[in-house]
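Hi,

Here is the structure I promised to pass on. Please have it open while you read; my notes follow below.

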Amino acid sequence: MKHSDKQGPTLRILTYNVHRWLGTDRKISPHRIADVIASCNPDIVALQEVRVGRVRAGEIDQAAAVASRLGMDLHFQPTIRILGEQYGIAVLTRHASKIVQSGRLPTQSTRPSFEKRSALWVSVEIDGQTVQVVNAHLSLRSGERRTQAAALIGPDWIGHPDCGDPAILLGDFNAPPYSRSYRLIANRMQDVQLSNSFGEPQPTFHTRAPVLRLDHVFVTKSIEVVDAGPVRNPMTRVASDHFPLLAELRVRKRLGTAMPSQAREGEFL
């Protein structure tokens with residue numbers, strides 16, 4: 001860190017594929033997902049496979065209920081709309097925030113796609129510092145996934161003039177570290193799990209037998225990684241088929257900006 005930098009605010013950011021609130025015990029429980037998130041005490045949450053809306057009369061809007069339970073604002077981008085219900089990605093935050101952009105990622109298919117892969121870009125104000133956050137859920141098809149990864153670091157998203165450092169790109173990329181899709185992004189941004197306290201990056205999928213690292217948090221150069229890793233405990237092992245990935249980050253500030261907040265204590269399990 002240069003001598004002109006000051007230690008900036010610390011934030012906790014979580015990415016979590018919630019599998020439509022469906023646990024490995026086959027129970028749909030948005031409240032359980034909310035409890036998992038609350039136990040991580042995050043400032044910002046990026047969710048994938050989020051169900052929004054009411055399936056039947058009298059049911060709650062599940063995403064809104066989770067956000068309300070957490071005391072967070074909800075920003076949502078649908079990828080599927082079926083019979084009044086929506087499904088997609090979301091960003092939740094307890095700080096002042098606004099959607100900068102949301103939209104489809106490129107597809108290589110010439111046929112209509114059931115699920116249109118998308119990204120959601122939210123600007124978040126933390127202790128006087130603006131942090132750009134882009135949440136994405138990429139394709140299962142390798143060629144299409146590479147195209148989408150290239151788009152994310154291109155001029156419409158992370159490479160956009162308004163998406164300057166500090167910025168965070170995170171989500172379920174369906175891309176293990178040996179994949180070309182992962183390398184496209186990792187060559188441009190820092191993978192937070194390369195700076196974790198476990199000694200080496202840990203897999204995030206599947207919760208019954210974690211063998212794949214598909215969920216990632218990438219940061220730009222002014223963001224220091226304090227710690228990062230999947231949160232593993234009895235509740236996260238059944239709440240979804242992915243483990244939540246939690247990162248504690250410090251955003252460096254220039255002289256003349258507001259004084260930093262104190263880091264909160266927490267553990268990566």
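In which sense do strands E2 and E3 pair, and over how many bridges? The model is predicted, and in it the two strands run parallel, with five bridges between E2 (residues 10-17) and E3. One place to look is Leu14, whose bridge partner in E3 is Val45.

The connection comes next. Helix H1 (residues 30-40) joins E2 and E3 in a β-α-β unit. The unit is right-handed.

E3 also pairs with strand E5 (residues 85-93). Here the sense is antiparallel, over seven bridges. Within this pairing, Leu47 stands opposite Ala90 of E5.

How many of the residues in E3 are buried? Nine of nine, across residues 44-52. The strand is mostly covered.

Now a loop. Arg117 sits between strand E6 (97-104) and strand E7 (118-126). Is Arg117 buried or exposed? Its relative accessible area is 12%, so Arg117 is buried, the cut-off being under 20%.

What does the Arg117 side chain meet? A polar contact of 3.3 Å links it to the side chain of His137. Leaving aside neighbours within four places in sequence, Arg117 is in contact with Arg104, Leu105, His137, Leu138, Ser139, Leu140, Gln148 and Asn174. His137 thus appears twice: in that list and in the polar contact.

Two places to start, then: E3 with its partners E2 and E5, and the buried Arg117.

Best wishes

Technical notes: Residues are numbered from 1 along each chain as its sequence is written. This is a predicted model: local features need pLDDT of at least 70, side-chain atom pairs count only at pLDDT 80 or more; totals for chains, interfaces and linings use all residues. Side-chain values use heavy atoms; hydrogens and water are left out. Buried means under 20% relative accessible area, exposed over 50%, partly exposed in between (1.4 Å probe, protein chains only). Helices (H or I, at least four residues) and strands (E, at least two) are DSSP runs, numbered from the N terminus. Two strands pair if DSSP finds at least two bridges between them. A crossover is right-handed if, with the strands pointing away from the viewer, the path from the first strand over the helix to the second runs clockwise. A polar contact is a pair of N or O atoms within 3.5 Å; within protein, one must be able to donate a hydrogen and the other to accept it, and residues adjacent in sequence count only if both atoms are side-chain atoms. Contact means heavy atoms within 4.5 Å.
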